[in-house]
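Work through the exercises below with the model open. Try each task before reading its solution.

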Amino acid sequence: MLSSPQNGFSADNHDELIARCTLHSRADILFQLRAIQKRKLLVNLDVQGSRQIVVTSVLGVNETNSTVILDSARGDALNHELLSGKGAEFIAQLDGVSISFSTGPVTLCTYEKLPALRISIPQSLVRLQRREHFRVPLPIANPVRCIVPSTSAEDPDPISTHIVDISCGGVALAETSGRVETEPGNILHDCRLLLPEADAVITSLEVRNTAQIRLQNGSFQTRLGCKFVDLPNDMAARLQRFVMEIERARRNSL
């Protein structure tokens, strides 16, 4: 059964998942940060209260001073955003696993005679594997659309579906036209996820499962569980930002 805002999603289950994937051991946290540094992986800093995402990297991890040194942002405006005191969300991918934590205050420093950024080593971080990506339900009243290109020469107009829930690994779509190819394994190319207050995410989707849902008015709706295919890094960052904003709003409303 596909998840939906009415069933298949529980805030308690979500909080349990996050708790299970949260590391508190300082040794484990240092290991993750040093692995990111050693492999020179890109890090996204999602500035809270802003649409800015800063791409940086870990230059050093100082256990004695409990600090992490990051490469400075390219541009004074971005550095100003980071130094505003709002803090940011640190997001990186290590062996297909999402590593994230809230940075707290970001300050300027010098590293090897060059400008750099300094944050504190976190007390905890979330290590979320792809199979554990939590799904966030989206509102029915103001549906978020996913536009699926038509493959029919007789009916070439794009197909408008709405997103039931979303994660960093895939989406559940609902549609009533009967025009979407629902065979599991089918690839829906160049779909456009029209995220509010953000540029569209363009990606291919692999249909993993489908179900017919009978609505209260007696009509039927097709639900499709889909996985993102070869999602570009910039699109993945945009999507992760959107999911985290929804989750942040949910937590603030509790």
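**Exercise 1. The β15–β16 hairpin**

Task: find which residue stands opposite Leu188 in β16.

Solution. Start at Leu188 and look across to β16: the residue opposite is Leu205. This is a predicted model, in which local features need pLDDT of at least 70, side-chain atom pairs count only at pLDDT 80 or more, and totals for chains, interfaces and linings use all residues. Residues are numbered from 1 along each chain as its sequence is written, and side-chain values use heavy atoms, with hydrogens and water left out.

Next, take the strands as a whole. β15 covers residues 187-194 and β16 covers residues 201-214. Their pairing is antiparallel, over 5 bridges. (Two strands pair if DSSP finds at least two bridges between them. Strands are DSSP runs of E, at least two residues; helices are runs of H or I, at least four; both are numbered from the N terminus.)

Last, check the turn. The hairpin leaves 6 residues between β15 and β16. Glu197 lies in that turn, with a positive phi of about 55 degrees.

**Exercise 2. From β16 to β17**

Task: state how many bridges join β16 to β17.

Solution. Count 10 bridges between β16 and β17 (residues 220-229). The two strands run antiparallel. For a reference point, use Thr210, which faces Leu224 in β17. Then move to the hairpin, where 5 residues sit between the strands. Gly218 has a positive phi there, near 95 degrees.

**Exercise 3. The setting of β14**

Task: decide whether the residues of β14 are buried or exposed.

Solution. Buried means under 20% relative accessible area, exposed over 50%, and partly exposed in between (1.4 Å probe, protein chains only). In β14, 6 of the 6 residues are buried, so the strand is largely enclosed by the rest of the structure.

Now split the strand by face. Gly170, Ala172 and Ala174 are buried on one side. Val171, Leu173 and Glu175 are buried on the other.

Then find the neighbours. β13 (residues 159-166) joins β14 through 4 bridges, and the two run antiparallel. His162 has Ala174 as its bridge partner in β14. The hairpin between β13 and β14 has 3 residues. β14 also pairs with β17, antiparallel, over 6 bridges. There, Ala172 stands opposite Gly225.

**Exercise 4. An aromatic pair and a core**

Task: explain why the pair of Phe90 and Phe101 is stacked.

Solution. Rings of Phe, Tyr and Trp (its six-membered ring) pair if their centres lie within 6.5 Å; planes under 30 degrees apart count as stacked, over 60 as edge-to-face and the rest as tilted. The structure holds 1 aromatic pair. The ring centres of Phe90 and Phe101 are 4.4 Å apart and the planes are at 20 degrees, so the pair is stacked. Phe90 belongs to β6 (residues 88-94) and Phe101 to β7 (residues 97-102), 11 residues apart. Both Phe90 and Phe101 are buried.

Extend the view to the core. A nonpolar core is a set of buried Ala, Val, Leu, Ile, Met, Phe, Trp, Tyr and Cys residues joined through side-chain atoms within 4.5 Å. The largest one has 28 residues. Phe90 is among those that touch the most other members, a group including Leu33, Ile36 and Leu45. α2 gives the most to this core, with 5 residues.

**Exercise 5. The largest pocket**

Task: identify which element gives the most to the lining of the largest pocket.

Solution. On a 1 Å grid over the protein atoms alone, a pocket is an open set of points with protein on both sides within 12 Å along at least five of seven lines. Lining residues have an atom within 4 Å of a point. Volume is the space filled by probe spheres set on the points, which are joined across faces, edges and corners.

The largest pocket holds about 1,200 Å³ of space. Its lining has 44 residues; the closest to the centre are Leu231, Ala236, Ala237, Leu239 and Gln240. Now rank the elements: α4 gives the most, with 11 residues. β14, β16 and β17 are among the elements that each supply at least two.

Note on methods. On a 1 Å grid over the protein atoms alone, a cavity is a set of points where a 1.4 Å probe fits but cannot get out, and a pocket is an open set with protein on both sides within 12 Å along at least five of seven lines; lining residues have an atom within 4 Å of a point.
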